Amino acid sequence: MDIGIHVVKTVKIFGFDLWITESMVNVWLIGLVLIIAALIIRRKILKPKKIPAGVQNVIEWIVELLDKFTISTMGEKGKKFSSFYGCMFIFILVCNLSGLLIGPTFNNGRFDINFLRPPTADASVTFALSLITFFMVQGFGIKVKGVGKWAKGLTEPLWPMTPLNVIGELANPVSLSFRLFGNILGGTIIMTLYYNLPWFALVGIPAALHGYFDLFAGVLQAFIFVMLSMTFVSSAME
């Protein structure tokens, strides 16, 4: 395993270097796989049956589960966010679990076969995801309260607290992104160090470690990220 952020290609744009990193490529591939999977599932349930079975039954169960989770976190009015946060959860989950897969890795044009580096072990990916939540919080806060009440909320309970309130709003996406990034990167580093041990220490144990650091932690961190995002947006709309 390799925890480094590798540059696949450097592109010149207006005299500046644009790095296309391995994390970016993995995000694009995961997005493409999920889109293809969604199109296949849509084709299979295009004509839903009154008594669901097979794929339709599984999809309906997942949708109902996401609806209940969204309502329990954001209230009945938050049900409209179910599809968005369902997609976000699935995307983050697949990104987290991609570290279990073996495939082509890139390093300055050199290809190798190794465990894939989870895109969420890159701070730029998790920060981009957290920015979505940040702009949703501010956008829906302004939409529900109006610009005046939204701005007034930053001055409460006393106007001298305004700088701290602004810093708190700006800190939310940072803490949200670093929580996901730190946990996924931490697991990746531990597994990398473990694979550098002598061969006799690797017999049987990697499966258990992957089960905890990749599977359990990956599902848990995806759940926490989405739940906190829902909570921030719901609080902004109150």
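Here are some questions and answers about this predicted model.

Reader: Hello! To get my bearings, in what order do the elements of the chain run from the N terminus on?
Author: Welcome! The chain has six helices and four strands to place. Starting at the N terminus, their order is β-β-α-α-α-β-β-α-α-α.

Reader: What share of the residues counts as buried?
Author: The chain has 238 residues in total. Its accessible surface is about 14,600 Å², and carbon and sulfur atoms make up 73% of that. As for the residues, the share that counts as buried is 32%.

Reader: Is Cys 87 buried or exposed?
Author: A residue counts as exposed when its relative accessible area is over 50%. Cys 87 has a value of 56%, so Cys 87 is exposed.

Reader: And Cys 95, is that one buried or exposed?
Author: Here the cut-off to use is under 20% relative accessible area for a buried residue. Cys 95 comes out at 0%, therefore Cys 95 is buried.

Reader: How many disulfides does the structure hold?
Author: Good thing to check after meeting those cysteines. A disulfide covalently links the sulfur atoms of two cysteines. To be counted, the two sulfur atoms must lie within 2.5 Å. In this structure, the number of disulfides is zero.

Reader: Let's look at helix H5; at which residue does its kink lie?
Author: H5 covers residues 162–195, which is 34 residues. Its first and last C-alpha atoms are 49 Å apart, close to the expected 50 Å. Follow the helix to just before the proline Pro 173, and you will find a kink of about 30° at Ala 171.

Reader: Which side chain makes a polar contact of 2.5 Å with that of Thr 120?
Author: Begin in the loop between strand S4 and helix H4, where Thr 120 sits. Thr 120 is buried, because its relative accessibility is 0%. Among the residues that Thr 120 touches are Cys 95 and Thr 126, along with Leu 180, Phe 181 and Ile 184, and those last three are among the buried residues of H5. The polar contact of 2.5 Å is made with the side chain of Asn 96.

Reader: Last one: how far apart in space are Ile 102 and Leu 116, C-alpha to C-alpha?
Author: Ile 102 belongs to strand S3, residues 102–107. With a relative accessibility of 58%, Ile 102 counts as exposed. In sequence, Ile 102 and Leu 116 are 14 residues apart, while in space their C-alpha atoms are separated by 5.7 Å.

How values were computed. Residues numbered from 1 in each chain as written. Predicted model: local features only at pLDDT ≥ 70, side-chain atom pairs only at ≥ 80, totals over all residues. Heavy atoms only, no water. Helix = DSSP H or I, 4+ residues; strand = E, 2+ residues; numbered from the N terminus. Buried < 20%, exposed > 50% of the residue type's maximum accessible area, 1.4 Å probe, protein only. Areas by Shrake-Rupley, 256 points an atom, 1.4 Å probe, with all protein chains shown as cover. Expected span 1.5 Å × (residues − 1). Bend = angle between axes of the 7 residues up to and from the residue. Polar contact = N/O pair within 3.5 Å; in protein donor to acceptor, adjacent residues only side chain to side chain. Contact = heavy atoms within 4.5 Å. Lists of a residue's contacts leave out its neighbours within four places in sequence.
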